[in-house]
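Hi everyone, thanks for making time. Let me put the structure up so we can walk through a few parts of it together.

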Amino acid sequence: MRLFPDGSGLILDVRLETMHQKALLFVLLVAGLLCVSLAPTCWAQDQNQDEDADVEDDLDLDLTGTEDDDELDGDEETPPAPKAPAAPKVTYKAPEPMGEHFFAESFDRGTLDGWVLSKAKKDDADEEIAKYDGKWAVEEMKDTKLPGDKGLVLKSRAKHHAISAPLLRPFTFDSMPLVIQYEVNFQSGIDCGGAYVKLLSETPGLDLDQFVDKTAYTIMFGPDKCGEDYKLHFIFRHKNPKTGQYEEKHAKKPDADLRSYFTDKKTHLYTLVVNADNSFEVLVDQTVVNSGNLLKDMTPPVNPPAEIEDPDDHKPEDWDERPKIQDPDAVKPEDWDEDAPAQIPDEDAVKPDGWLDDEAEYIGDPDAIKPDDWDEDMDGEWEAPQVPNPACESAPGCGPWKRPMIDNPSYKGKWKPPMVDNPNYQGIWKPRKIPNPDYFEDLQPFKMTPFSALGLELWSMTSDIFFDDFFITNDRNTAERWAADSWGLKKAAEGAAEPGLAAQMLTAAEERPWLWIVYVLTVALPLVLIIVFCCTGKEKKTTPAAEYKKTDEPQPDVKEEEEDEEEEDKAEEAKSRPAAEDKNDEEEAAAEEEEGEKEATTEEKEDDILRRSPRSRRLRKD
């Protein structure tokens, strides 16, 4: 940048810098909007790519147009016409259990062979609903994306359901972990009901025909909802080693938001892993949503406290728990008037001019007419309805004038003694601690009661709850292989049938109308910015004087003045030349002084020339 004396170069660069900033701001804003708009699409594509990679080896893809490709294989000279790739169709293949397992059920036989329907009744329910007469069926999902895949479906609503099946052999808690997983799809949503499973304890009297809510179980696990309370249960029954009684221990509530698992009508995989070191994990769709330790994260705790409050200890009658008391030495001041009113009339107020004392604020409506069916004996004397007095519209007020009320500066209210520290304060009383007679310490709660059957004992206000692919094992890798062969196919099929981004946006806007505002702003904001930054610039006229700001060439009048000044300088130098050259010492000193004065004079003249320049005069005018 070349900086001219009038600052024109600086102004030009500032304008260019401002234009660059606007352009950069516009580019950054458009790029941000594009990123926000494309982020869901990119995320969905990455998810689909990951899902396809996970199940690629397990899928039999039936691509449309395959037969045409086979026919063209023999004719290599004729290249096939380009076709848009068809969406892959996932073919269902029944999973086969591999490795160590205790239970595996995919319902692909299409029957309930091996399952037992309960014939019992609930003890604490009305006779009409006490029976476990809810219907079960083995069928495909109503809107299946994977033809051939069948599951267990709860068909009735507002009824008790109970069904169970024995394990291949009882599961004993030793040094191997417990892994249980199964799939659930709330095809019609869920209002109030559960989809949890119970691992029924191995007891001599276990009768699956009489499976009820009070049947002993070791673990209860799975989703449950009523109203807006979304739960994912993990409960185990712990045996007190001293009393032999069982007590339910509930895992802490998951921190994750569980709502979508109940509302999206997708098939979700629920997995529980309990390890021999007392740690546990709860997973949904192979993602951990809750984890903890049986000794630390259960309610109530597995082990009771070593000390408890003495139930026979009572607070003494003279125990003082008051930290503050009224000052017994305080005395009410003599000028304290407890009877003074909180507000008093304003003595400085003056009635406004034009106040109509004799006019009522409201009068009877002169246009009102008594109804024909008015019975004064039954309804009393008829009176016209009240309306504002027209005479008061132009007046500051009507009726008797009263002084307005103001706060009483002398009001203090009822006097109370100030509070002071209680010298007899003894603190909050608590009963003394004594050793807990029921104390025990179980450091291996993982060693629970063995179980020998799996059961579903449910009440639901919604039907068509789909269950599938139950699996119990002591090897996590085996469970993951089963999940890949079963739930992995469902996930791939549902992903292939997912609607496009536009359809997803429209569906989301139907559920949340406020999204329409976001869509409109996303489209309109870039258009508005384009109009503001590109279409609203003002054309600036260039004056002749401004042309000189774009070059270093001096103006004509400045050239002439500079030539005249040079001639004057030469004449002054000739006059100031010394008469005799032998007087060097004195004249050299005088010449140096003259040269200094001459330089100062020249600088002043140059400044004067610049000041007389049109550019300088325009700058001062501005």
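Look at F171 to start: F451, in strand β24, stands opposite it. S201 also stands opposite F451. Keep in mind as we go that this is a predicted model.

So which strands pair with β24? One is strand β5, residues 159-171, which is joined to β24 by nine bridges and runs antiparallel to it. Another is strand β8, residues 197-201, and here the pairing with β24 is antiparallel too, over four bridges.

Now, is β24 enclosed or open? Strand β24 covers residues 451-460, and because nine of its ten residues are buried, the rest of the structure largely encloses it.

Let's move on to the core. In soluble globular proteins, nonpolar side chains tend to be buried together. Here, the largest nonpolar core has 64 residues, and the members that touch the most others are I219, F234, F467, F470 and I472.

Let me pick out I472. Leaving aside residues up to four places away in sequence, I472 touches H101, F102, F103, L167, L178, V179, I180, L199, F451 and L454. You'll recognise F451 there, the residue that F171 stands opposite.

Finally, let's go out to the surface. Which residues make the nonpolar patch there? They are V523, L527 and I530, and the patch is about 270 Å². I530 sits in helix α8, residues 515-534. Is I530 buried or partly exposed? Its relative accessibility is 35%, so I530 counts as partly exposed, since buried would mean under 20%.

That's my tour, and I'm happy to go back to any part of it.

Conventions. Residues are numbered from 1 along each chain as its sequence is written. This is a predicted model: local features need pLDDT of at least 70, side-chain atom pairs count only at pLDDT 80 or more; totals for chains, interfaces and linings use all residues. Side-chain values use heavy atoms; hydrogens and water are left out. A nonpolar core is a set of buried Ala, Val, Leu, Ile, Met, Phe, Trp, Tyr and Cys residues joined through side-chain atoms within 4.5 Å. Buried means under 20% relative accessible area, exposed over 50%, partly exposed in between (1.4 Å probe, protein chains only). Contact means heavy atoms within 4.5 Å. Patches are made of residues with over 30% relative accessible area and no salt bridge: like charges are joined within 9 Å, nonpolar side chains (Val, Leu, Ile, Met, Phe, Trp, Tyr) within 5 Å. Accessible areas come from the Shrake-Rupley method with a 1.4 Å probe; for residues, only the protein chains shown count as cover. A salt bridge is a side-chain nitrogen of Lys or Arg within 4 Å of a carboxyl oxygen of Asp or Glu. Helices (H or I, at least four residues) and strands (E, at least two) are DSSP runs, numbered from the N terminus. Two strands pair if DSSP finds at least two bridges between them.
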